Amino acid sequence: LETKEEYGHKTLAQDVMRPRPSDPLLVVLTQEGMSVGEIEGVMADTDYSGFPVVVSQESQRLVGFVLRRDLVISLDNARKRQEGVVSASLVFFLDHVPPQPFSGPPVVKLRGILDLSPFTVTDHTPMAIALDIFRKLGLRQCLVTHNGRLLGIITKKDILKHMAQMSNRDPDSILFN
Ligand code: ADP
């Protein structure tokens, strides 16, 4: 299959990424400042397979990507095995955890489950190129940025759905041929 033919020259990452302009915002976690309870709340409210981790909500600067299943296991483990961990315990995706007040509950360190180099394209990247990389690297999702700010996410399914809409071809044959 010739990627350029399938996807045309004109479709850009911003045309396929989520959220669409009318959708709720991208759900992200911050590298510091969120509690165990808050992160569990985010997971209970959404069913996404993963979450981008950013420096701060204001900056939307990407730090990495964490899979839901790794978060579930790690928070569960922390609650069961790490003494004193409660809903109010702060979660850090940072390399070095700043000194904490002695009075607070113990913190949970999750740097280890963070993918620090998630695949990223800009909003103006042609989808023909993104698709080629998706195939070659066997990606499940890729993040979309503009001037270093995180804008959205594209999953394999988003691509398949978009392509199925554009042609009448069997969507499953598109990505795997
Ligand atoms: P899949 O596309 O395989 O179902 P997900 O369940 O992770 O994978 O994503 C479902 C939809 O939500 C997709 O359209 C995806 O682009 C979008 N999405 C994924 N993660 C997030 C997120 N953290 N915030 C907002 N939307 C997301």
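This report describes the domains, the ligand shell, one helix and a group of strands in a protein chain.

The structure is a predicted model. Its protein chain contains seven helices and nine strands, and 23% of its 177 residues count as buried. Among the contacts with a separation of 6 or more, residues 24 or more positions apart account for 57%.

**Domains and ligand**

The chain is divided into domain 1, made of residues 1-17 + 123-177, and domain 2, made of residues 27-118. Where the two meet, seven residues of domain 1 are in contact with nine residues of domain 2. On the side of domain 1 that touches domain 2, strand E8 (141-146) and strand E9 (149-155) are the elements that give two or more residues, and by class this side has three nonpolar, three polar and one charged residues.

The ligand lies between the two domains, because domain 1 and domain 2 both give residues to the shell around it. The residues around the ligand are Arg 18, Pro 19, Leu 26, Val 27, Tyr 48, Ser 49, Phe 51, Ile 153, Thr 155, Lys 157 and Asp 158. By class, this shell has six nonpolar, two polar and three charged residues, and strand E9 and helix H6 (156-166) each supply at least two of its residues.

**Strand E3 and its partners**

Phe 51, one of the residues around the ligand, also belongs to strand E3 (residues 50-54), in which five of the five residues are buried. Both faces of E3 are covered, with Gly 50, Pro 52 and Val 54 buried on one side and Phe 51 and Val 53 buried on the other. The pairings of E3 with strands E1 and E4 are set out below.

| Strand paired with E3 | Bridges | Direction | Bridge partners |
|---|---|---|---|
| E1 (residues 29-30) | Two bridges | Parallel | Thr 30 with Val 54 of E3 |
| E4 (residues 62-67) | Five bridges | Antiparallel | Phe 51 with Val 66 of E4 |

**Leu 150 in strand E9**

Strand E9, which contributes to the side of domain 1 that touches domain 2, contains Leu 150. Leu 150 counts as buried because it has 21 C-beta neighbours inside 10 Å, where the cut-off for a buried residue is 20 or more. When residues up to four places away in sequence are left out, Leu 150 touches Leu 26, Val 28, Pro 52, Val 54, Gln 60, Leu 62, Leu 143 and Thr 145. Two of these names return from strand E3, since Pro 52 and Val 54 are buried on one side of E3, while Leu 26 is among the residues around the ligand. Leu 150 and Val 63 are 87 residues apart in sequence, whereas their C-alpha atoms are 9.8 Å apart in space.

**Helix H5**

In helix H5 (residues 127-137), the buried residues are Met 127, Ala 130, Leu 131 and Phe 134. They cover an arc of only 100 degrees around the axis and therefore lie on the same side of H5. An α-helix has 3.6 residues a turn, so residues three or four places apart point the same way. The face of H5 turned away from its buried side carries the exposed residues Lys 136 and Leu 137. Just after H5, Gly 138 takes a positive phi of about 60 degrees.

Methods:
Residues numbered from 1 in each chain as written. Predicted model: local features only at pLDDT ≥ 70, side-chain atom pairs only at ≥ 80, totals over all residues. Domains from an automatic or database assignment. Helix = DSSP H or I, 4+ residues; strand = E, 2+ residues; numbered from the N terminus. Nonpolar A, V, L, I, M, F, W, Y, C, P; charged D, E, K, R; others polar. Near = placed C-beta within 6 Å. Buried ≥ 20, exposed ≤ 12 C-beta atoms within 10 Å, placed from the backbone. Arc of directions from axis to C-beta. Pairing = 2+ DSSP bridges.
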